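The following exercises practise the reading of strands, sheets and helix packing. Please attempt each task before turning to its solution.

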Amino acid sequence: MVKNIFNVLKSNISTKSSQRLPKSKYIQYEKKGIYSEESVISQLESEFMVGPIKLRQIVQHFLSEFKKGLEIEDYTLAMIPSFVTELPNGKELGNYLSLDLGGTNFKVSEIHLEPQHQVRVRQKKFYIPETARNADGERLFDFMADSVESFLKETGNSLENEYELGFTFSFPVRQTGINSGELYLWSKEFNCRNTQGNDVVRMLNDAFKRNKINVHIRALVNDTVGILMAGAYKDPQTHIGLVLGEGTNVAYIENMEKIKKWRGPQPEYGKMIINTEWGDFDDEKIVLPINKFDILVDQKSTNPGKHVFEKMISGFYLGEIVRLTCLFLIEKKMLFNGRSSPVIEKPNSFEIQYLSRIERDYTIDLSDTKLILQDLLLIPYTTLKDRRIVRRVVELVNIRSARLTACGIVSLLHQMNKMDGCTIAVDNFIDEYPHFINRMRDAIHELLGIFSENVIIMNNKDGSSIGAGIIVSMVNK
C-alpha cells in the first residue's frame with residue numbers, strides 16, 4: 001500500500017527537485033540497509049528548510065503578484081475588493097446574528113456590541129457532515145438554515161422576530177456588493193454541485209425562505225475581513241487580518257489608487273479592505289519551495305493545481321504532509337523498521353491535534369508521541385529514535401508553514417508601507433499552536449531587521465464572527 005502511494009511520484013518529480021537532495025550520506029547508509037538518525041533528519045531538513053534567500057525571493061514574487069491582482073480581473077491571486085471602506089470607531093452598538101462557514105464546523109453566533117468596545121458572544125458550532133460538504137449546493141445551504149433555526153430555538157429567540165445577519169463565507173467569491181458575491185471556487189475539500197457562479201447570499205436567502213426563517217443578510221464578509229475589523233475595533237493600528245486554520249487567507253487595507261481594476265464609486269476615505277485569497281499564491285509553482293510530499297498532497301486533493309500555497313501552510317494539510325512523509329520513511333525502512341498500519345495509511349488520519357501534542361511533548365522518552373503513534377495510529381512498535389524522527393518531521397513541517405506565512409505578512413507590510421507600526425489580528429489556531437507565532441516572528445525579523453519590532457501580532461478569538469456583526473452595524477448607520 002505504501003509503495004503504491006509513492007509510485008505516482010516517479011513520473012512527477014523533476015530532475016531539478018531531485019538534485020536538491022544531498023544524497024551521499026543517504027546512499028551510503030542505504031547500501032548497508034541501515035540509517036542513522038542524523039542521516040534521516042538531514043535528508044528531511046533538505047526537503048523542508050527555507051533559507052533567507054528563498055524567503056526574500058518569495059516576498060518579491062508576492063509583491064509582483066499583488067500588483068497584478070489589483071490591476072487584472074480574475075487574476076490567479078484574486079485581490080478581491082471587500083466593499084468595506086472604513087474601520088470601526090468603537091461606537092458601533094447593537095445585537096446581530098453572525099454565520100461563519102469556513103471549515104468542517106459551521107458557527108452560528110449572537111453578537112452583542114456594547115459601549116466601551118465591549119463584546120459579548122453566544123455561539124454554537126455545528127459539524128458539517130460529508131453528505132453536505134460534497135453534495136448538491138441546496139443541501140449545504142439548507143443545513144445552514146436548519147442550524148440557524150436550531151440555534152434560535154436553543155437560545156430562546158423567537159422565530160417570529162426579524163433578524164439582521166452578517167454572513168462570513170470563507171471561500172473564494174467575486175464580491176459584487178457589501179451583501180452579494182458569486183462563488184467561483186470551493187476549497188478545503190468542499191465541492192458542492194450547482195453553486196459555482198451563483199450568488200452565495202441569494203442561495204442562503206433561498207434556504208431561509210424554504211425554512212420560513214425571518215432573516216435579512218446585511219453583509220457578506222470574508223473571515224479575514226471580519227478578523228481585521230474585530231481587531232481594529234480594539235486597536236486602530238490593525239491593518240492586517242490573518243486566518244491560518246483549516247485553510248488560510250489574509251486581508252489588508254489598500255489605497256484606492258492602487259486598485260486599478262475598481263470600477264465603482266470612490267469611497268470617502270480613499271481606502272478599501274482587500275481580500276487577497278492568498279491560498280492561490282504561486283499556483284504556477286514559480287518560487288515556492290515545493291517538495292515531493294507537497295506534490296502528492298496536491299494530486300490527491302479535490303482541486304489539483306489550485307491553492308498551492310494553502311496546501312503548504314494551512315492546518316487542514318499539515319497533518320497530511322506529515323503522514324505522507326512518514327509513509328515515505330516507512331517505505332524506505334527508515335522509520336518503524338518499515339512497519340506501517342491501516343490507520344496511518346488512511347488519508348488525513350494524522351490530525352492537526354496530533355501535531356500540536358507532539359510539539360508539546362517534552363518528556364525524555366516522548367511518551368505522548370508514543371501514545372499517538374501506537375495507540376491512535378496503531379503503529380505496532382516505536383523506538384525512541386522513531387519518535388524523535390517523527391517529532392522532527394512535525395517541527396520541520398510547521399517551521400516551514402510559519403516562515404512562508406511570514407513572507408506573505410512582510411510582503412503586505414511593504415505593500416502598505418507600514419514599517420512604522422502595524423498590528424496583525426490573527427485567529428485562534430495560530431495563537432494556540434505551540435511556537436508558531438515565535439517562528440513567524442523570527443522569520444519576520446530575518447526579513448525586516450529592526451523594523452520587525454514595530455509589528456504586533458494580536459490574537460482575536462471569534463474575530464470573524466464579531467467582525468461580521470461590526471460590519472452589519474456600520475451598514476445600518
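**Exercise 1: The five-stranded sheet**

An open sheet of five strands shows mixed pairing and has the order β4-β3-β2-β5-β8. The model is predicted, so local features need pLDDT of at least 70 and side-chain atom pairs count only at pLDDT 80 or more, whereas totals for chains, interfaces and linings use all residues. Residues are numbered from 1 along each chain as its sequence is written, and side-chain values use heavy atoms, with hydrogens and water left out.

Task: State which strands are the edge strands of this sheet, and describe how its neighbouring strands pair.

Solution.

Step 1. Fix the terms. Helices (H or I, at least four residues) and strands (E, at least two) are DSSP runs, numbered from the N terminus. Two strands pair if DSSP finds at least two bridges between them.

Step 2. Find the edges. β4 (118-127) and β8 are the edge strands, since each pairs on one side only. The twist from one strand to the next averages 25 degrees.

Step 3. Follow the antiparallel pairs. β3 and β4 are joined in the antiparallel sense by 10 bridges, and E114 has Q118 in β4 as its bridge partner. The hairpin of these two strands has three residues between them, and Q116 takes a positive phi near 60 degrees there. β2 (residues 94-101) and β3 run antiparallel with eight bridges, and they too form a hairpin with three residues between them. L97 has E110 in β3 as its bridge partner.

Step 4. Follow the parallel pairs. β2 and β5 run parallel and are joined by five bridges; L97 stands opposite L165 in β5. β5 pairs with β8 (residues 215-221) in the parallel sense over six bridges, with T168 opposite V221 in β8.

**Exercise 2: Burial and covering helices**

Task: Determine how many residues of β5 are buried, and which strands α18 touches.

Solution.

Step 1. Apply the cut-offs. Buried means under 20% relative accessible area, exposed means over 50%, and partly exposed lies in between (1.4 Å probe, protein chains only).

Step 2. Count. In β5 (residues 163-169), six of the seven residues are buried, and the strand is mostly covered. In β3, eight of the 10 residues are buried, so this strand is largely enclosed by the rest of the structure.

Step 3. Identify the helix contacts. Contact means heavy atoms within 4.5 Å. Helix α18 (residues 463-475) packs on the five-stranded sheet and touches β2, β3, β4, β5 and β8; its direction makes about 50 degrees with that of β3.

**Exercise 3: The six-stranded sheet**

Task: State the strand order of the open sheet of six strands, and name the strands at its edges.

Solution.

Step 1. Read the order. It is β1-β11-β10-β9-β12-β13, with mixed pairing.

Step 2. Find the edges. β1 (80-81) and β13 (455-459) each have a single partner strand, so one side of each is left without a neighbour in the sheet.

Step 3. Examine one pair. β12 (residues 422-426) and β13 pair in the parallel sense over five bridges, and I424 has I457 in β13 as its bridge partner.

Step 4. Add the helices. Helix α9 (residues 223-234) packs on this sheet, touching β9 (238-244), β10 (248-255), β11 (271-275), β12 and β13; its direction makes about 135 degrees with that of β9. Helix α17 (residues 436-448) lies across β9 and β13, and runs at about 160 degrees to β13.

**Exercise 4: Two helix pairs**

Task: Classify the angle between α9 and α18, and that between α4 and α15.

Solution.

Step 1. State the rules. Axes are lines fitted to C-alpha atoms, for helices over the stretch in contact, and angles run from 0 to 180 degrees between N-to-C directions. Angles under 35 degrees count as roughly parallel, over 145 as roughly antiparallel, 65 to 115 as roughly perpendicular and the rest as oblique.

Step 2. Treat α9 and α18. Their axes come within 7 Å and cross at roughly 75 degrees; the two helices are therefore roughly perpendicular to each other.

Step 3. Treat α4 (residues 37-48) and α15 (residues 384-416). Their axes come within 10 Å and cross at roughly 15 degrees; α4 and α15 are therefore roughly parallel to each other.
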